[in-house]
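Got the structure open in your viewer? Let's walk through it together, one selection at a time.

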Amino acid sequence: MRKKMYKRKPNTLFRQIGNEFIFIDYGESRFYSLNIVASRILQMLGSPKDVYQISERVSLEFEVPYKKLLQDIRSFLQVAVKRGLVKEVFITESE
Amino acid sequence: MQHIKYARRNLPMLECSVNLGIRILNVHFETEKFYFAFEKIFLCTPPVKNPWFSIFIRKSKKIQSNIDISKKLAELYYCNNKAFPFTKAVTSFFSYLLYTQDVLVFHASSVVKNDGAVLFCGEQGVGKTTVSVMSGLPRYSDDAAFIRKSGNTFLLYPTPFETSKIYARLRKPLKIRCLYFLHQGSRNIVNRMHPYESVIYASRNLFSNFLNVSNQAVQKACYTLLSDFVGNVPMRQLYFNRDIGFLQSLLEKNEGKI
């Protein structure tokens with residue numbers, strides 16, 4: 001069974017400057033300003049994770065209804081994949 | 001990197017060392033023209049035994065470079081030996097190597113204010129030198145600003161290859177009070193900057209942008225350092241319409257206490 005997971009693009013860097021989170025794609029010389037939730041999600045995607053694993057972790061840190069969180073994370077990942085910040089990886093799991 | 005061995009055997013005469021203040025490099029040249037153009041700008045001394053880096057400057061139709069950090073070897077392929085663009089290319093190449101040594105090199109002029117430095121960054125022709133002259137303060141460096149991380153602070157060092165006497169005699173490293181990104185404006189305005197904006201502007205004003213070099217390890221070191229710098233030094237946008245009174249009162253305001 002193939003499982004869709006997400007992994008952060010290599011050659012990227014996270015920096016916290018004051019209260020702001022900056023995501024630097026130094027391979028492409030692109031910069032992104034992130035809010036704290038987006039920054040936590042991208043931070044944890046150093047290793048591949050699926051949307052449920054991400055949601056579980058985020059729900060431990062932020063008070064959001066799980067259903068809403070899952071929906072928000074899905075749409076965030078969609079945008080992140082589109083912008084090339086996150087890659088979709090498919091891992092085959094034995095049943 | 002095979003070419004490097006070739007150069008070492010065949011061009012023993014056209015080599016020298018240059019002291020970047022922080023590190024000493026040996027530089028080898030493929031043609032006399034490159035050597036003479038280089039000699040006009042940099043203070044050349046005989047090659048040293050254990051240089052921090054050995055650099056080979058070669059003629060090519062296209063500007064490109066090869067960097068092997070572990071072997072401390074680098075090649076710069078350059079297509080023009082006129083003094084001005086050659087200086088820019090070589091300085092930007094040196095500055096690129098210095099990122100791994102906690103040094104950032106900005107395209108900026110600087111002045112001394114109360115034992116600290118104020119920097120003016122901006123594109124060519126925007127008036128960096130003019131502003132530093134108009135400030136009436138002692139000038140510390142022009143065109144290239146060497147900034148080194150020292151613990152949690154950033155210090156401005158004298159530009160190592162600058163020999164002009166017009167700059168301040170005080171040549172000790174200075175703490176940076178503030179950095180202004182200069183723009184020509186119809187009015188005089190100073191704007192605070194979001195860290196995200198500061199990172200973008202600072203990266204645009206790095207010397208390395210003159211060259212199309214890429215090495216992921218160096219890039220990572222550079223942007224890590226750059227974001228630390230943005231977090232530590234106050235940065236402002238300065239739209240300037242050549243008003244001396246405005247400039248002097250701005251510098252009096254003691255922005256970015258040290």
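Start by selecting B:Glu30, which counts as partly exposed because its relative accessibility is 32%, between the 20% and 50% cut-offs. Keep in mind as you click around that this is a predicted model. Now add B:Arg58 to the selection: B:Glu30 and B:Arg58 form a salt bridge, with the closest N and O atoms 3.1 Å apart. B:Arg58 sits in strand E4 (residues 53–59) of chain B and B:Glu30 in the loop between E2 and helix H2 (32–41), so this pair ties together parts that are 28 residues apart in sequence.

Is B:Arg58 buried or exposed? B:Arg58 is buried, because its relative accessible area is 5%, under the 20% cut-off.

Keep B:Arg58 selected and add B:Glu75. Here is another salt bridge, again with the closest N and O atoms 3.1 Å apart. This pair links distant parts of the chain: B:Arg58 in strand E4 and B:Glu75 in strand E6 (residues 73–78) of chain B, 17 residues apart. B:Glu75 counts as buried, with a relative accessibility of 0%.

Next stop, B:His28. You'll find B:His28 in strand E2 (residues 24–29) of chain B. With a relative accessible area of 8%, B:His28 is buried. Which side chain does B:His28 join in a polar contact? Select B:Glu15: the contact between the two side chains is 2.7 Å. To see the surroundings, show what B:His28 touches beyond four places away in sequence: B:Leu14, B:Glu15, B:Ser54, B:Ile55, B:Phe56 and B:Ile57.

There's another histidine to visit. Jump to B:His107, in strand E7 (residues 103–113) of chain B. B:His107 counts as buried, at 4% relative accessibility. Turn on the backbone atoms too, and look for the oxygen of B:Gly122: this backbone oxygen lies 3.5 Å from a polar atom of the B:His107 side chain.

Time to look at the nonpolar side chains. In soluble globular proteins, such side chains tend to be buried together. The largest nonpolar core here has 73 residues, and the ones touching the most other members are B:Phe29, B:Phe38, B:Phe94, B:Phe106, B:Leu119 and B:Phe229. Which helix gives the largest share of this core? Color helix H3 (residues 83–98) of chain B, which supplies eight residues. The core also draws at least three residues from each of domain 1 (2–81) and domain 2 (103–252) of chain B.

Zoom in on B:Phe106 for a close-up. Leaving out residues up to four places away in sequence, B:Phe106 touches a whole list of residues, including B:Cys121, B:Asp143, B:Ile147, B:Asn205, B:Phe207, B:Leu226 and B:Phe229. Apart from this big core lies another, of 21 residues, with A:Tyr32, A:Val58, A:Ala80 and A:Leu85 among them.

That brings us to chain A. Its secondary structure comes to three helices and five strands. Trace the chain from the N terminus and the elements run β-β-β-β-α-α-α-β. Click on helix H1 (residues 36–44) of chain A, where A:Ala38, A:Ser39, A:Ile41, A:Leu42 and A:Met44 are buried. Then pick A:Asn35, which caps the N-terminal end of H1(A): a side-chain oxygen of A:Asn35 lies 3.2 Å from the backbone nitrogen of A:Val37. Still in chain A, select A:Lys9, A:Asp25 and A:Glu28 to see a network of salt bridges.

How many salt bridges does the structure hold over all chains? The count is twelve. One of them is formed by B:Asp228 and A:Arg15, the closest N and O atoms being 2.4 Å apart. B:Asp228 lies in helix H6 (residues 216–232) of chain B and A:Arg15 in strand E2 (residues 12–17) of chain A, so this pair joins two chains.

Finish by zooming out. Chain B has seven helices and 14 strands, and 53% of its 258 residues count as buried. In chain A, buried residues make up 37% of the 95 residues. Switch on the surface: chain B exposes about 12300 Å², with 48% of it from carbon and sulfur atoms, while for chain A the accessible surface comes to about 5800 Å² and the carbon and sulfur part to 49%.

Key
Residues numbered from 1 in each chain as written. Chains lettered and ligands numbered in written order. Predicted model: local features only at pLDDT ≥ 70, side-chain atom pairs only at ≥ 80, totals over all residues. Heavy atoms only, no water. Helix = DSSP H or I, 4+ residues; strand = E, 2+ residues; numbered from the N terminus. Buried < 20%, exposed > 50% of the residue type's maximum accessible area, 1.4 Å probe, protein only. Areas by Shrake-Rupley, 256 points an atom, 1.4 Å probe, with all protein chains shown as cover. Polar contact = N/O pair within 3.5 Å; in protein donor to acceptor, adjacent residues only side chain to side chain. Contact = heavy atoms within 4.5 Å. Salt bridge = Lys/Arg side-chain N within 4 Å of Asp/Glu carboxyl O. Core = buried A, V, L, I, M, F, W, Y, C linked by side-chain atoms within 4.5 Å. Domains from an automatic or database assignment.
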